[in-house]
Amino acid sequence: MTSERSSSSNGFNPAALLRDERFWKIAFQVIVVAVVVGILSFLVGNLSGNLARQGISFGFSFLSNSAGFSIGESVVTYNPQDAYAKALFIGLLNTLVLVVAGIVLATLVGTAAGVASFSTNWLVYKISRAYVGLVRNIPLLLQLFFWYFAIYGGLPNPSNQIGISGLVYLNNRGVSILWPESTLRLWIGLAALLIGAIAAVLVWRRRTHVMVEQGEPGKTQLYILWAILAAMLLVFIGLGWEFPEAVDGGGSTGGRRLSREYVASLSALVFYTGAFIAEIVRAGIQSVSKGQWEAARSVGFTNNLVMRLVVFPQSMRVIIPPLNSEFMNLAKNSSLAFAVAYPEMYAVANTTYNQTGRPIEVFIILMATYLVINLIISLGMNQLNQAVQFKER
Amino acid sequence: MTSITPNTSPPSPPLANQPGPIAWMRKNLFSDWFNSLLTVVVVLVLGYTVVGLLTWGFTVAQWQVIPNNLGLFMSGLYPRDLYWRVWTLLGFVCALGGLSWGVLGRNVSTLFSRSVLIGIGVLCAFIVLFPLTRPASLKLLPLLALVVGMAWVGRAIAKKLPNLGVWLSAIWLISLFPLYPLIFNPIPYISLVPGSILGGVGYLFFGAGRPASPVNDWGGLLLTLLVAVSGILLCFPLGLLLALGRRSQLPAVKWLSTAYIELVRGVPLIAILFMGQVMIPLFLPDGMRPERIARAVIGLTLFSAAYLAENVRAGLQAIPRGQSEAAASLGVNMPLTMFFIVLPQALKIAIPAIVGQFISLFQDTTLLSIVGLAELLGISRSILANPTYLGRYAEVYLFIGAIYWFFCYAMSLASRKIEQKLNTTH
């Protein structure tokens, strides 16, 4: 290439270089990196200048200082003399309590609403569609305020509280529900439940095995299964439930008291995320081809069985990846609970920033925390995703 | 169309087997015992709820809080003597909206079909019969007339110039520039001069020549819409670049884009917004402090761009390699292939996801109320803090909920229409 025009330039031809794709690839990257590094160094330079002017030095040593603020509710004991690190940890625990309950309940609500949109009952179908169309188009924060101020705030005060057959008490401070007492009995009971669940799964597998391999009806295993489930139910009832009891002059003791902040945040997160999950479930079920329905029906399955055994397992492949990002959204959206003064991670971090005046450090902690939460959700969902993928050789 | 042959008229649909109401109920509500039980339970619960809501709405609720504060809801503390600007803006938008309607509907046989006419009639009747604040709400009638008139004009023009449809989005985009200073620039005489575009932008972002009128008093629906539109306009190009960067074969570009997208997607928006209010001034040279609104728009844009990038990337991934290979074999270079062959197809696929992201950006503007801006939710909270309206939570939140619902639903409806229009599969 260069030899043709070597007369015009001494062995090196800039025009040829400009036509060379490899040169442009490298040059472009160099330019991009240079621009990014330039902008970053400009910003960081400003930052260090500004921080030096304010007399702040970067570092995380403030975390061991005494926090000095109280936190409205916490899972483990905390007092204001504890360090900032402890306070942030309490915030993290509160976030996790909200996120885990939110994920479980939102999945239930969303799956129910998603399956309901395939109902042959016109009314149920319409209600499911209306729920999704309404909730998805209204901002979460507004819904949160609505739950907190209009619905739970509109409940009667503790002296006129609503009791539902002694199981639940509702008033404008919060909700009391029955809850197992934390005694040795509870832990033994939980262990028994776990063993029962494992046994049930094993028996179920055994039943499938004998039915498929030996062509037996599997009746014996079915009876064993029923017996295990009945025993589990008995253990569950006997966990040592503590009933909330109304107190004269308002409020209740015993059971588990959930603050109004927590209940409102949970309701808003569950119903908002549930609407999105409903759409995911609906799309997943729709993605299973019609032939699967028809084939299953033609071999004599009832509608219910087709859904349970044929369509739903296949739709899981389509459902799980978007469900993963919906769970991560729920985890991030849980930070909005801060707006109704639920002391979760973001709220505590914000107070920490206000007291210490260290935006950068607090932001790094926040970022790392939410990244780790999302990473854990993602890892769990990926495991689940692998379990439902096509088993190919 | 002088002679109409039977072939040109669409075949009439088969006569629907219209069941009577009893048969319909039997099929859809009472097909078996389970469905019947379900129907009865649902009807009971629904009836109880609806009756309760209606009783509350007509007896307990005090709706006076809405009309008394309509001005606040719509434009916050925007100076009253400058309301004409807001009305001008609304007129502008109505005129453009009508024009677009006319241009887009140029091939429809009757633009004002019966259902549209009925809709307009109902709207007029509603405005006249339920005046929220009489003098202001009557101004809506000429606006409605403007929409209809411009639709007629747009149709007439579009019949002469069929290419106008292509330029419609460009017209909207260009017209935004004079509209911005109209709202943001507090000095009246330069507001309509095109040269004030830079002034408006500079003022907004750097507080250049800060005048007496406090920017941060603007609020209500006006602020919500302005922030949402600015966020959407700014995050789209950024998201597009990030998506292209993440799909790039150049390692440096790819890693930088990926790192940005994943880091931003890992953090809640409220953290970005709140810390943005604090940190953006820290990262800028001493003395440079963008307005609070601008800081919010920056935070919202940086956040949404990362999500948008993922939506666009999904679209890009759906385009088969053969498309770019075919272009390469014809000698089209990389950038041209990207912008004329791959991107148009990818964006078409990604439209529902992109509009979904715009909808959530619109909803995310409510978070600005937490960082102290009086957008629609923020102004509602300050109205509710007024002792006169103490405890009117349900009324106010239902009202603004309806507004948010209207805009989000309109966006998703538009997305579905565009999708249908661009659908070229057979």
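This section describes the domains, the sheet, the helix packing and the chain contact of a predicted model.

In the domain assignment, chain A is divided into domain 1, which covers residues 2-53, and domain 2, which is made up of the segments 84-178 and 243-388. The C-alpha centres of domain 1 of chain A and domain 2 of chain A are 49 Å apart.

Chain A contains an open sheet of four strands in the order S1-S2-S3-S8, with antiparallel pairing. The edges are occupied by strand S1 (162-164) and strand S8 (256-259) of chain A; each has a single partner strand, so one side of each is left without a neighbour in the sheet. On average, and with direction ignored, neighbouring strands of this sheet are turned by 15 degrees against each other.

The pairings can be followed from one edge to the other. S1(A) is joined to strand S2 (residues 168-171) of chain A by three bridges in the antiparallel sense, and Gly163(A) is found opposite Tyr169(A) of S2(A). S2(A) and S3(A), which run antiparallel, are connected by four bridges. These two strands, S2(A) and S3(A), form a hairpin in which two residues lie between them. Tyr169(A) also stands opposite Ser176(A) in S3(A). The pairing of S3(A) with S8(A) is again antiparallel and comprises four bridges, with Ile177(A) placed opposite Arg256(A) of S8(A).

Helix H8 of chain A is associated with this sheet and with two further helices. H8(A) lies across strand S3 (174-177) and S8 of chain A, and runs at about 70 degrees to S8(A). Two packed helices are described by the angle between their axes and the distance between the axes. For helix H3 (residues 84-116) of chain A and H8(A), the angle is about 40 degrees and the axes are 6 Å apart. H3(A) is therefore oblique to H8(A), and the crossing of H3(A) with H8(A) is right-handed. On the H3(A) side, the residues in contact include Leu98(A), Ala101(A), Gly102(A), Leu105(A) and Val109(A), while those of H8(A) include Tyr262(A), Leu266(A), Leu269(A), Phe271(A) and Ile277(A). By class, the residues of the contact of H3(A) with H8(A) comprise 15 nonpolar, eight polar and one charged.

The second helix packed against H8(A) is H5 of chain A. Helix H5 (residues 140-152) and helix H8 (residues 260-287) of chain A meet at an angle of about 135 degrees, and their axes are 9 Å apart. H5(A) and H8(A) are therefore oblique to each other, and their crossing is right-handed. Leu140(A), Gln143(A), Leu144(A), Trp147(A), Tyr148(A) and Tyr152(A) represent H5(A) in this contact, where they meet Arg260(A), Val263(A), Ala264(A), Ser265(A), Ser267(A), Ala268(A) and Tyr272(A) of H8(A). The contact of H5(A) with H8(A) is composed of nine nonpolar, three polar and one charged residues.

The contact between the two chains involves 44 residues from chain A and 39 residues from chain B. On the side of chain A that touches chain B, at least two residues each are supplied by helix H2 (21-54), helix H4 (122-135), H5, helix H11 (345-356) and helix H12 (359-388) of chain A. H2(A) provides the largest share of that side, with twelve residues. Divided by class, the residues of the side of chain A that touches chain B are 29 nonpolar, twelve polar and three charged.

One helix pair that spans the two chains consists of H2(A) and helix H12 (residues 251-265) of chain B, which pack at an angle of about 35 degrees with their axes 8 Å apart. Here Gln29(A), Val32(A), Val33(A) and Val36(A) of H2(A) meet Ala252(B), Val253(B) and Leu256(B) of H12(B). The contact of H2(A) with H12(B) contains six nonpolar residues, one polar residue and no charged residues.

How values were computed. Residues numbered from 1 in each chain as written. Chains lettered and ligands numbered in written order. Predicted model: local features only at pLDDT ≥ 70, side-chain atom pairs only at ≥ 80, totals over all residues. Axes fitted to C-alpha atoms, helices over the stretch in contact; angles between N-to-C directions. Parallel < 35°, antiparallel > 145°, perpendicular 65-115°, else oblique. Left-handed = near helix turned anticlockwise from the far one by under 90°. Contact = placed C-beta atoms within 7 Å. Nonpolar A, V, L, I, M, F, W, Y, C, P; charged D, E, K, R; others polar. Domains from an automatic or database assignment. Pairing = 2+ DSSP bridges.
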